[in-house]
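Student: I should like a close look at one part of this model, namely its charged side chains and their surroundings. Please take the pairs in turn and then set them against the rest of the fold.

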Amino acid sequence: MERERTVAIVVPVFRGASTLPALVDEMLPLCRPGGTSGGVRFRVTEVVLVDDRGPDGSAAVIRALAERHGPVRAVHLARNAGQHGATMAGIAASAAEWVVTMDEDGMHDPADVPGLLDAAFAGRSR
């Protein structure tokens with residue numbers, strides 16, 4: 001039987017105070033052991049929310065979500081680093097084998113994570 005792969009979802013956050021709670025709610029089911037249609041066993045072990053010093057109170061929302069949900073980790077940047085800088089900071093802070101990056105505004109669907117893993121594993125030995 002294939003071993004379970006660990007996945008981190010990294011979200012750079014600039015203006016996500018209003019969208020983060022619903023986004024995290026969509027991600028939490030992925031924190032239970034599961035599998036893809038292609039047979040990859042996985043579990044999201046961390047949801048890394050990177051506070052990029054936005055003007056809308058996102059930092060407080062990130063703190064509250066991290067306190068409420070075990071898999072949610074907060075990374076607070078000292079200054080605004082932009083989307084790419086915040087994404088890289090989140091990747092550097094993660095400990096999972098695989099990383100999926102997502103936007104804070106729901107542009108990416110957390111339900112797509114299994115398909116992304118299948119695509120990553122297609123054609124390679126596990």
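Tutor: What follows treats the salt bridges, then an unpaired acid, and then the nonpolar regions. The model is a predicted one, and every value below is computed from it.

The count of salt bridges comes to four. Side chains of opposite charge can pair when their charged atoms come close. One of the pairs joins R43 and E4, with a nitrogen-to-oxygen distance of 3.3 Å. This pair links distant parts of the chain, since R43 belongs to strand 3 and E4 to the segment before strand 1, 39 residues apart. R43 counts as partly exposed because its relative accessibility is 27%, between the limits of 20% and 50%. E4 is likewise partly exposed, with a relative accessible area of 22%.

Strand 3 also supplies the acid of another pair: R73 and E46 meet in a salt bridge at 2.7 Å, N to O. Here R73 lies in strand 4, residues 72-76, and E46 in strand 3, so that the pair links distant parts of the chain, 27 residues apart. The two partners differ in their accessibility class. R73, at 31% relative accessibility, counts as partly exposed, whereas E46 is buried, with a relative accessible area of 5%.

A further pair is formed by E97 and R5, whose closest N and O atoms are 3.9 Å apart. E97 is located in the loop between helix 3 and strand 5 (98-101), and R5 in strand 1; 92 residues separate them, and the pair again links distant parts of the chain. In this case the base is the buried partner, as R5 has a relative accessible area of 5%. E97 is partly exposed, with a relative accessible area of 38%. R5 and E97 are moreover linked with R3 in a network of salt bridges.

D52 presents a contrasting case. This residue lies in the loop between strand 3 (41-51) and helix 2 (58-68). D52 is buried yet has no salt bridge. The nearest side chain of opposite charge is that of R79, 7.0 Å away, and a salt bridge requires a nitrogen within 4 Å of a carboxyl oxygen. R79 is nonetheless in contact with D52. Leaving aside neighbours within four places in sequence, the other contacts of D52 are V13, F14, L77, N80, A81, G82, Q83 and A86.

The adjoining R53 lies in the loop between strand 3 and helix 2 as well. R53 is partly exposed, with a relative accessible area of 48%. Its phi is near 60°, a positive value in a residue other than glycine. Most residues other than glycine have a negative phi.

E26 is an acid in helix 1. At 45% relative accessibility, E26 counts as partly exposed. Leaving out residues up to four places away in sequence, E26 touches D109 and P110. Although E26 and P110 are 84 residues apart along the chain, their C-alpha atoms are separated by 6.4 Å.

The nonpolar regions complete the picture. The largest nonpolar core has 24 residues, and those with the most contacts inside it are I9, V11, L20, V44, L49 and V113. Strand 1 (5-13), helix 1 (20-27), strand 3, helix 2 and helix 4 (113-121) each supply at least two residues of this core. Several of these elements have already appeared: strand 1 holds R5, and strand 3 holds both R43 and E46. V113 touches I9, L30, F42, V100 and M102, residues up to four places away in sequence not being counted. A second, separate core of six residues includes V48, V50, V75 and A86. Of these, A86 is also among the contacts of D52.

On the surface, M88, I91 and V99 make a nonpolar patch of about 240 Å². M88 lies in helix 3, as does I91, in the run of residues 82-93. M88 is exposed because its relative accessible area, 53%, is over 50%. I91, at 31% relative accessibility, counts as partly exposed. The C-alpha atoms of M88 and P12 are separated by 8.9 Å, the two residues being 76 places apart along the chain.

Technical notes
Residues are numbered from 1 along each chain as its sequence is written. This is a predicted model: local features need pLDDT of at least 70, side-chain atom pairs count only at pLDDT 80 or more; totals for chains, interfaces and linings use all residues. Side-chain values use heavy atoms; hydrogens and water are left out. Helices (H or I, at least four residues) and strands (E, at least two) are DSSP runs, numbered from the N terminus. Buried means under 20% relative accessible area, exposed over 50%, partly exposed in between (1.4 Å probe, protein chains only). Lys and Arg count as positive and Asp and Glu as negative; His and the chain ends are not counted. Contact means heavy atoms within 4.5 Å. Patches are made of residues with over 30% relative accessible area and no salt bridge: like charges are joined within 9 Å, nonpolar side chains (Val, Leu, Ile, Met, Phe, Trp, Tyr) within 5 Å. Accessible areas come from the Shrake-Rupley method with a 1.4 Å probe; for residues, only the protein chains shown count as cover. A nonpolar core is a set of buried Ala, Val, Leu, Ile, Met, Phe, Trp, Tyr and Cys residues joined through side-chain atoms within 4.5 Å.
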